[in-house]
Amino acid sequence: MEDFSIPQNSLFLGFDCSTQSLKATVLDANLTIVGTEIVNFDSDLPHYKTKDGVYRDPLINGRIVSPTLMWVEALDIILERFKRLNFDFAKVAAVSGSAQQHGSVYWKKGSAKILSSLDHKKSLVDQLHDAFSVKESPIWMDCSSTQQCRAIEEAIGGALELSRLTGSVAHERYAGPQIRKIFEMQPEVYRDTERISLVSSFMASLWIGGYACTDHTDGAGMNLMDIQSREWSKVALEATAPGLEEKLGKLAPAHAVAGPLASYYVDRYNFSKKCLVIQWSGDNPNSLAGLTLNTPGDLAISLGTSDTVFGIANYHKPSLEGHVFPNPVDTETYMVMLVYKNGSLTREDVRNRCANGSWDVFSDYLRQTPPLNGGKIGFYYKEHEILPPLPVGFHRYILDNYSDSHAGVNEHEVAQFDPPSEVRALIEGQLLSMRGHAERLGLPPPKRIIATGGASANICILSSIASIFGCDVYTVQRPDSASLGAALRAAHGWLCNEKGNFVPIPWMYTDKLEKTSLSCKLAETAGDEELLSQYTLLMKKRLEIENRLVQKLGRR
Ligand code: XUL
């Protein structure tokens, strides 16, 4: 793409180290996808014995971790697979990546040395098996640090104050509360840790053979960074653990070069010495880049292991719910996001229980049942939920004397729905919650929605999104927007480095986008206004019931 001054024969490699897999996407200089690979943690690395990529601790409520070394071995495997395909590593101009947000990695004292002297004749896993002081990384699904969250909020002056300072109230899965928990419960492990990385900066560290900085965007998901100044917040550090700043290293913008590529990759895979490693970031921020969200009227809905809703805002408004991060491809704007822990694994559970384990039957049920589900509302929490903060449990209600105008009607709780209604209650419930919370957070009504993630391939779900939000729904060519976004950010970082400064991503603002792998296509058009207003009433009813559940059972 000559106008963007990227040499025609260069390639950009983007990864996504997510909950269940490590994926890779290769883009050429025209931003066309020319290769993809995937390593599934459960099936390709069975010796770690994970289920869905994680360990759920049967003894400690809410403790969910993943073996750190598994991510290292996944990188070995994916690179070997590319090698077997005769992939021309030498053409890669830059590498970057996404990782599940918030997960943290604890490097043992002395590991910097191991990282800086990697032997290209050996695999990474063979050299790094003794590099971690905590062998099982707390991940984004963990919610075992509620006590530490409350203690940090109290030390800072309250939840809203922490949100003002760092972009979010304290969340169990955030690195700050997790670090405080390790400091409190295993002080000797904390002492023996020389560096704490996020999964994103940990993966970048493997590429540069040294400790990579934490990027500003993923760093905002720790409850440790001052979101205005983009520096570690002294008060947040003090509220978390002593001597922390030294263990965290530095922060850097997402477009920055993390470092030169370690010679390991040059010698083992024939990468070019000039290949740049661009800062890795969180999967959601990179999806924002991969979906080319660029105006406040755009809203993304990602339906994956976690479900997320995100958009761009021009300002940071402190709030008790949702999360605010710097925009990874802009220096002025913010990314605002809602996160649900009960995403694809909960949909799979309902599919298995109610639809004979078949997505076709699941979709038939959505087709057979009427919009609004005859006033049946369900809450399905197979895991402790983040939004709202409710424990595991299913709650089902039917609105009494349900009619098209049901504002103010009462509801009664029931033990079960028939299978088709259960499927619709699950899908509509999640989407109504997304709309309700997005509105509460002050996000403007979307002008268009871009859907991504595995479940965005289901046209019945897209049709419900269009009816519930009342706007057109677009999809992308490949639902794996996080590794695509990472490859795009590799190209962006390369360009910024070439220009010697930050430059806005040129291809986000041009019609050339339509010809690239990043283009979106219209999948569903906004439906009927009458139905939209009925959904508005149902959404209010749902939030009202949800508030009651939170008062009775919630973690806050
Ligand atoms: C975001 C979050 C999840 C993970 C999933 O806050 O916790 O979406 O990033 O990988």
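Here is a friendly exchange about helix packing and empty space in this predicted model.

Reader: What should I know about the model and its numbering?
Author: This is a predicted model, where local features need pLDDT of at least 70, side-chain atom pairs count only at pLDDT 80 or more, and totals for chains, interfaces and linings use all residues. Residues are numbered from 1 along each chain as its sequence is written, and side-chain values use heavy atoms, leaving out hydrogens and water.

Reader: Why is α15 called roughly antiparallel to α17?
Author: Helix α15 (residues 344-354) and helix α17 (residues 419-440) pack at about 170°, with axes 10 Å apart. Angles run from 0 to 180 degrees between N-to-C directions, along axes fitted to C-alpha atoms over the stretch in contact. Angles over 145 degrees count as roughly antiparallel, so α15 is roughly antiparallel to α17.

Reader: What makes the contact of α15 with α17?
Author: Contact means heavy atoms within 4.5 Å. Among the residues that make it are Arg347 and Val350 of α15 and Leu426 and Ile427 of α17. The residues divide into six nonpolar, one polar and three charged. Here Ala, Val, Leu, Ile, Met, Phe, Trp, Tyr, Cys and Pro count as nonpolar, Asp, Glu, Lys and Arg as charged, and the others, Gly among them, as polar.

Reader: Why are α16 and α17 called roughly perpendicular?
Author: The axes of helix α16 (residues 359-368) and α17 cross at roughly 85° and come within 8 Å. The range for roughly perpendicular is 65 to 115 degrees, and α16 and α17 are therefore roughly perpendicular to each other. Their contact includes Phe362 and Tyr365 of α16 and Pro419 and Leu426 of α17; by class it has eight nonpolar, one polar and one charged residues.

Reader: What makes a space a cavity, and how many of 30 Å³ or more are there?
Author: On a 1 Å grid over the protein atoms alone, a cavity is a set of points where a 1.4 Å probe fits but cannot get out. The structure holds three cavities of 30 Å³ or more, and the largest has a volume of about 170 Å³. Of its 19 lining residues (an atom within 4 Å of a point), the closest to the centre include Arg347 and Leu426. Helix α17 gives the most to this lining, with six residues.

Reader: And what makes a space a pocket instead?
Author: A pocket is an open set with protein on both sides within 12 Å along at least five of seven lines. The largest pocket holds about 850 Å³ of space. Its lining has 12 nonpolar, 23 polar and nine charged residues.

Definitions and conventions: Helices (H or I, at least four residues) and strands (E, at least two) are DSSP runs, numbered from the N terminus. Angles under 35 degrees count as roughly parallel, over 145 as roughly antiparallel, 65 to 115 as roughly perpendicular and the rest as oblique. Grid points are joined across faces, edges and corners, and a volume is the space filled by probe spheres set on the points.
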